[in-house]
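Colleague: I have this model open on my screen and would like a close look at a single part of it. Could you walk me through one charged residue and its surroundings?

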Amino acid sequence: MVVRENFENELNLLRQKLIEISSLTEIALSKAINALEKQNIEEALYIIEEDTRIDNLEEEINDLAILLIAKQQPVAIDLRRIIVAIKIATDIERIADFAVNIAKATIRIGKEPLIQPVHTIKRMHEIVLRMLSLVIQAYNEEDVVLAKEAADMDDEVDELYGQVIRELLKLMADEQENFNQINQFLFVCRYIERAGDHITNVSESVLYLVKGKRYGLNV
């Protein structure tokens, strides 16, 4: 009984660390688009520096998960919880990397006047943040309905991505002198779109955790 209680405590610690890394990533992503819009170089540099905390947390999650498998030899649902934690941590860390990449794009654009507002990019970003919040709630509550809802929102992100890419490519053809800035915006859009894909991966992991079967949601 004591052994099982200790195991449950360690599983709970694993869950808490995963929620923490998700929260830090959500903050980083939110700060990144704010830094881009306001051309705040200091904020962008801070996001890059803070990414070390997220990288370290991913390592802690992986180390704890491996330790739990080695010590406890879990089966069935407990094993799925551990495997899913590793998989989700990887996807969340990648999303944090995209926040860093957006911060780097902000630094590359610098203080040169923005050629157009970032309304559509911000809309993509808002949806992705909502997806991230939902999918972590889905993981924490082991709720497949919420997981599916988060994944479904990726269609809107993809649609907006196509729209803004077309706008930027047209702008690039018309304004050669602003090539660098437009190119950075193209990268930013791609980072946000890829973040949506990774959140969909997390949704799939939640479904696997609860159902014990793998479902492809990003098709």
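**Salt bridges and their surroundings**

Modeller: Happy to, and a small example makes a good warm-up: glutamate 126 pairs with arginine 123 in a salt bridge, with 3.8 Å between the closest N and O atoms. Both of these residues sit in helix H4, three residues apart, which is about one turn of the helix. Glutamate 126 is partly exposed, at a relative accessible area of 42%, and arginine 123 is partly exposed too, at 37%. Please keep in mind that this is a predicted model.

By the rule used here, the salt bridges come to 15. The general idea is that side chains of opposite charge can pair when their charged atoms come close. Another member of the set joins glutamate 10 and lysine 71, with N to O at 3.1 Å. Because glutamate 10 belongs to helix H1 and lysine 71 to helix H2 (residues 41–72), this pair ties together parts that are 61 residues apart in sequence. Lysine 71 is partly exposed, its relative accessible area being 46%.

Now to the residue I would pick for your close look, arginine 15. You will find arginine 15 in helix H1, which covers residues 2–38. What is its salt-bridge partner, and how far apart are the closest N and O atoms? The partner is glutamate 142, and those atoms are 3.1 Å apart. Glutamate 142 lies in the loop between helix H4 (119–141) and helix H5 (144–152), while arginine 15 is in helix H1, so this pair ties together parts that are 127 residues apart in sequence.

Is arginine 15 buried or exposed? Arginine 15 counts as buried because its relative accessibility is 16%, and the cut-off for buried is under 20%. Glutamate 142, at 23%, counts as partly exposed.

The pair also has company. Arg15 and Glu142 are linked with Asp78 and Arg81 in a network of salt bridges. If we leave aside neighbours within four places in sequence, arginine 15 is in contact with Arg81, Tyr139, Asn140 and Glu142.

Glutamate 142 deserves a glance at its backbone as well. Its phi is near 50°, a positive value in a residue other than glycine. As background, most residues other than glycine have a negative phi. Glutamine 39 also has a positive phi, near 50°. This glutamine is found in the loop between H1 and H2, and glutamine 39 is buried, with a relative accessible area of 15%.

Let me finish with the nonpolar side of the picture. In soluble globular proteins, nonpolar side chains tend to be buried together. Here the largest nonpolar core has 72 residues, and Leu14, Leu18, Ile92, Ile121 and Ile192 are those with the most contacts inside it. At least two residues of this core come from each of H1, H2, helix H3 (76–109), H4, H5, helix H6 (154–174) and helix H7 (179–211). Leucine 18 makes a handy landmark: setting aside neighbours within four places in sequence, leucine 18 is in contact with Ile61, Ala85, Ile88, Ala89 and Tyr139. Tyr139 is thus a name to look for twice on your screen, as a contact of arginine 15 and as a contact of leucine 18.

Terms used
Residues are numbered from 1 along each chain as its sequence is written. This is a predicted model: local features need pLDDT of at least 70, side-chain atom pairs count only at pLDDT 80 or more; totals for chains, interfaces and linings use all residues. Side-chain values use heavy atoms; hydrogens and water are left out. Helices (H or I, at least four residues) and strands (E, at least two) are DSSP runs, numbered from the N terminus. Buried means under 20% relative accessible area, exposed over 50%, partly exposed in between (1.4 Å probe, protein chains only). Contact means heavy atoms within 4.5 Å. A salt bridge is a side-chain nitrogen of Lys or Arg within 4 Å of a carboxyl oxygen of Asp or Glu. A nonpolar core is a set of buried Ala, Val, Leu, Ile, Met, Phe, Trp, Tyr and Cys residues joined through side-chain atoms within 4.5 Å.
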